[in-house]
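User: I am new to this structure and would like a close look at one small part of it. Please take me through it slowly.

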Amino acid sequence: QAARVSDPGAGQSPATHRQTAPLDIVNSMTSRTFDIGPTENAVNIYWYLNLTLKYLSDGSPFSDATVTVREESGLVSIRDVPAGVDGILLEMELRERTYIPSMSITTPHTLTVTKGPLVDAFTITMDVSKDHTFYMDNYPPVLLVSAPEDGSLHNVSTVTFEGEAWDAVVTPNEGLAMIRYRVDDGNWTPVTLPTVTAWSFDVVFEDGFHVVEIQVHDAIGNMNSTSLTVEVDTVPPGLTIISPDDDIHITHTEITLVGHTDAGSTVTVDGVDVIVDAEGMFNRTMTLSEGVNVIIIISTDVQANEVTASRTVTVDTLQPVVDLDQDDLRTNQMTFVLSGTKEAGATIYVNGYLTEAFSSTTFTTQIDLANEGLNAVDIWSEDLAGNNWSLSIIIERDTTPPTLVVGRLLEYTNEASITIQG
């Protein structure tokens with residue numbers, strides 16, 4: 001059937017009567033009664049929406065964006081209409097309701113605004129023609145890195161990155177959509193989104209310089225990023241002790257330790273800092289105590305990698321005295337077994353011959369006695385430090401039995417006892 005439309009209200013565009021079946025009424029404020037005939041006939045009520053798109057940051061036109069409109073049911077009524085350089089869309093026709101023949105409400109509408117990575121949406125109820133301005137959130141989310149520092153040095157392979165991130169603007173679609181990182185332009189790795197603002201992740205590096213890029217994206221598509229450079233060096237410096245040799249014995253208390261390490265490293269000898277020259281050489285003269293001394297040398301490079309060496313030096317200024325077990329140095333045999341105690345590790349020579357026990361604190365040796373009577377025996381002892389001690393003893397060999405002369409005895413006697421003389 002034909003339809004009349006009223007004159008527009010003040011400031012509104014003229015109403016439009018498009019066709020008879022279906023009957024579309026646009027921007028009409030006049031009430032009327034329709035007699036809907038067959039079910040294929042319909043009456044649709046539309047209103048004009050004048051939409052202006054702007055950037056939230058400065059209010060400038062959100063130009064060249066596209067807008068898609070969905071009715072309350074999800075039906076797309078307008079798809080990807082461009083806003084132009086001024087960001088304005090005039091007289092977009094949005095349907096409020098339809099009669100086919102029963103009435104169905106088709107508003108509120110959801111309008112999705114898109115430009116590049118930025119996507120946001122808002123809802124609007126169309127029960128009258130309207131002017132509406134939509135502000136696109138173009139503020140990037142906040143991204144802060146608290147650790148590590150840019151350009152930092154690390155002596156461990158695993159480095160923990162920590163910081164905070166949050167959406168910069170409170171909007172109905174606020175929130176973070178993604179945090180991710182990559183190392184040396186490699187693949188992106190997602191990071192668990194923070195429940196409040198704090199985030200962290202660990203990276204296992206190989207030794208060397210690395211660039212780590214971190215990105216945060218909000219739900220609209222705004223992105224913020226930062227890059228950090230880290231250096232990883234897990235290799236300790238070289239350390240060579242030139243002198244003294246390890247596990248030595250000396251007879252004096254003063255010693256000079258000489259060594260070499262990587263240039264630029266710091267060295268301590270028994271906890272005392274020593275000077276390292278441009279070639280990496282260092283030395284320290286020290287006074288040791290009697291007995292075993294363990295010297296600890298530590299070299300530390302600029303990345304705090306450490307290497308440790310040690311030298312064991314035994315100071316022995318005492319003579320290696322030998323204590324003999326025998327007090328009686330006489331025998332009726334052709335040989336004499338001599339035994340005693342000595343300093344551990346000391347060597348013993350008896351009449352120029354080396355005894356068998358080196359590490360033991362006891363010794364036993366058999367001496368051939370060449371002479372009947374007095375035999376001189378020289379004992380000489382030397383310890384590992386070079387101290388020596390000597391002793392000369394006399395061992396008497398007496399293999400001749402004593403003389404025995406018995407006087408004349410009577411062959412017969414009538415006495416119960418006799419006297420023997422000799």
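Which residues does Q326 touch, not counting residues up to four places away in sequence?

Analyst: Before turning to that part, please keep in mind that this is a predicted model. Leaving aside residues up to four places away in sequence, Q326 touches F336, V337, L338 and S339. Q326 itself is found in a loop, the one between strand β27, which covers residues 323-324, and strand β28, which covers residues 330-331. Two of the residues it touches also appear when polar atoms are considered: the side chain of Q326 makes a polar contact with the side chain of S339 at 3.0 Å, and the side chain of Q326 also reaches the backbone oxygen of V337, at 3.4 Å.

For the setting of this loop, it may help to know that the protein chain has 34 strands and 0 helices. Of the 422 residues in the chain, 36% count as buried, and the chain exposes about 23,800 Å², with carbon and sulfur atoms supplying 50% of that area. Among contacts between residues at least 6 apart in sequence, 56% join residues at least 24 apart.

Another residue can be read in a similar way, namely R311, which is found in strand β26, residues 306-315. R311 is buried yet has no salt bridge, and the nearest side chain of opposite charge, that of D246, is 4.8 Å away, whereas a salt bridge would need the charged atoms to lie within 4 Å. A polar atom of the R311 side chain does lie 2.9 Å from the backbone oxygen of P244, and P244 is one of the residues that R311 touches, among them also D245, D246 and N293.

Methods. Residues are numbered from 1 along each chain as its sequence is written. This is a predicted model: local features need pLDDT of at least 70, side-chain atom pairs count only at pLDDT 80 or more; totals for chains, interfaces and linings use all residues. Side-chain values use heavy atoms; hydrogens and water are left out. Helices (H or I, at least four residues) and strands (E, at least two) are DSSP runs, numbered from the N terminus. Buried means under 20% relative accessible area, exposed over 50%, partly exposed in between (1.4 Å probe, protein chains only). Lys and Arg count as positive and Asp and Glu as negative; His and the chain ends are not counted. A polar contact is a pair of N or O atoms within 3.5 Å; within protein, one must be able to donate a hydrogen and the other to accept it, and residues adjacent in sequence count only if both atoms are side-chain atoms. Contact means heavy atoms within 4.5 Å. Accessible areas come from the Shrake-Rupley method with a 1.4 Å probe; for residues, only the protein chains shown count as cover.
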